[in-house]
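Let's take a friendly tour of a protein model, starting from its inside and working outwards. Keep the picture in view as you read.

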Amino acid sequence: MTHLTSAGRLIFAGRAVRSFAFGWLSVILALYLGERGFSAAAIGAVFTATMVEDALLTMGLAGLASRIGPARVMAATAPLIVLGGALLATAESPWLLVAGAVLGTISPNGLEAGPFAPMEQALLPDEVRSGSTVRAFGWYNVFAFLPAALGAGSAGAALGLALRAGIAEEAAERAMLAGYALAGVVLTLLYVRLARARPPAPRASPRGRGGFGLGPSRGAVWQL
């Protein structure tokens, strides 16, 4: 049996909320952009931009996390999900819709996106109070894929119910995007609690950190 600290349970809760939200969004995002007049090529370009932004954001925050701690970086980054959902739900300008999609660390395929998972995985081993760390990571993945599947299924059911009730598709999708923003609020609160539960990260010397905050592991990471 694996036992986690209170901070470890917050990591699992954050993972579940985030995965559910990404699964929820994956069902409606392309449909919504199509309703708003985006062509198939434009939707593909938006999705590409979100993936590039997620990769760059993750690399850019790595060095910062090594100085102030991953939990504090996640608490500061989670509001981007709120911003992205709010812009998508309310914006009329196509450029603001694109900004919402790109800035909102959005996962268009329902899987992990953004810097959260790498930082959670860096924290998790220290939060295993007893038992197998490998088992803890196994359950961590369960708390990713199962909520993502539930989120996608719930989104499809919610959209179907709204359409059968006579609600216009675009209006229903706007409301569901507002729900995505609300999930970002919950995630932010969880990470603020996590940051308070974690001690300040020790400052490593610039020589010890190396590029992207990798330090001595940089060679192995570049090989991978």
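## The nonpolar core

In this predicted model, the largest nonpolar core has 52 residues, and those touching the most other members are Met 74, Leu 177, Tyr 191 and Leu 194. At least two core residues come from each of helix 1, helix 2, helix 3, helix 4, helix 5 (94–103), helix 6, helix 7 and helix 8. Helix 1 supplies the largest share, with 12 residues.

Let's pick out Tyr 191. Tyr 191 has a relative accessible area of 0%, so this residue is buried. Which residues does Tyr 191 contact, leaving aside its neighbours within four places in sequence? They are Gly 14, Arg 18, Ala 71, Met 74, Ala 75, Ala 78, Phe 116 and Glu 120.

## Helix 6 and its buried face

Two of those partners, Phe 116 and Glu 120, bring us to helix 6, which spans residues 116–123. Its buried residues are Phe 116, Ala 117, Met 119, Glu 120 and Leu 123. Why do they line one face of the helix? Looking down the axis of helix 6, you would see the buried residues fall within an arc of 165°, and therefore they share one face.

What covers these buried residues? The cover includes helix 1 (6–35), helix 2 (40–68), helix 3 (70–77), helix 4 (79–90), helix 7 (133–164) and helix 8 (169–197).

## Rings that pair up

Across the whole structure, a search finds 5 aromatic pairs. One of them joins Phe 116 and Tyr 191 in a stacked arrangement, 5.7 Å centre to centre with 15° between the planes. This pair links distant parts of the chain, as Phe 116 sits in helix 6 and Tyr 191 in helix 8, 75 residues apart. Phe 116 counts as buried because its relative accessibility is 0%.

Phe 137 and Tyr 140 make an edge-to-face pair, with 6.4 Å from centre to centre and 70° between the planes. Both belong to helix 7, and because they are 3 residues apart there, about one helical turn separates them. Are these two residues buried or exposed? Phe 137 is partly exposed, with a relative accessible area of 24%, while Tyr 140 is buried at 1%. Ring pairs also connect Phe 137 and Tyr 140 with Phe 12 and Phe 143, giving a cluster.

## A loop residue with two arginine contacts

Now for an exposed residue. Glu 92 lies in the loop between helix 4 and helix 5, and its relative accessibility is 57%, so it counts as exposed. Neighbours within four places in sequence aside, Glu 92 is in contact with Arg 36 and Arg 174.

Arg 36 is 56 residues away from Glu 92 along the chain, yet 8.7 Å separates their C-alpha atoms. With Arg 174, the side chain of Glu 92 makes a polar contact of 3.3 Å.

## The whole chain

Finally, let's step back. The protein chain contains 10 helices and 2 strands, which follow the pattern β-α-α-α-α-α-α-β-α-α-α-α along the sequence. Of its 224 residues, 43% count as buried.

Consider the contacts between residues at least 6 apart in sequence: 80% of them join residues at least 24 apart. The accessible surface of the protein chain is about 10900 Å², and carbon and sulfur atoms account for 69% of that area.

Key:
Residues are numbered from 1 along each chain as its sequence is written. Side-chain values use heavy atoms; hydrogens and water are left out. Buried means under 20% relative accessible area, exposed over 50%, partly exposed in between (1.4 Å probe, protein chains only). Helices (H or I, at least four residues) and strands (E, at least two) are DSSP runs, numbered from the N terminus. The arc is that of the directions from the helix axis to the C-beta atoms. Contact means heavy atoms within 4.5 Å. A nonpolar core is a set of buried Ala, Val, Leu, Ile, Met, Phe, Trp, Tyr and Cys residues joined through side-chain atoms within 4.5 Å. Rings of Phe, Tyr and Trp (its six-membered ring) pair if their centres lie within 6.5 Å; planes under 30 degrees apart count as stacked, over 60 as edge-to-face and the rest as tilted. A polar contact is a pair of N or O atoms within 3.5 Å; within protein, one must be able to donate a hydrogen and the other to accept it, and residues adjacent in sequence count only if both atoms are side-chain atoms. Accessible areas come from the Shrake-Rupley method with a 1.4 Å probe; for residues, only the protein chains shown count as cover.
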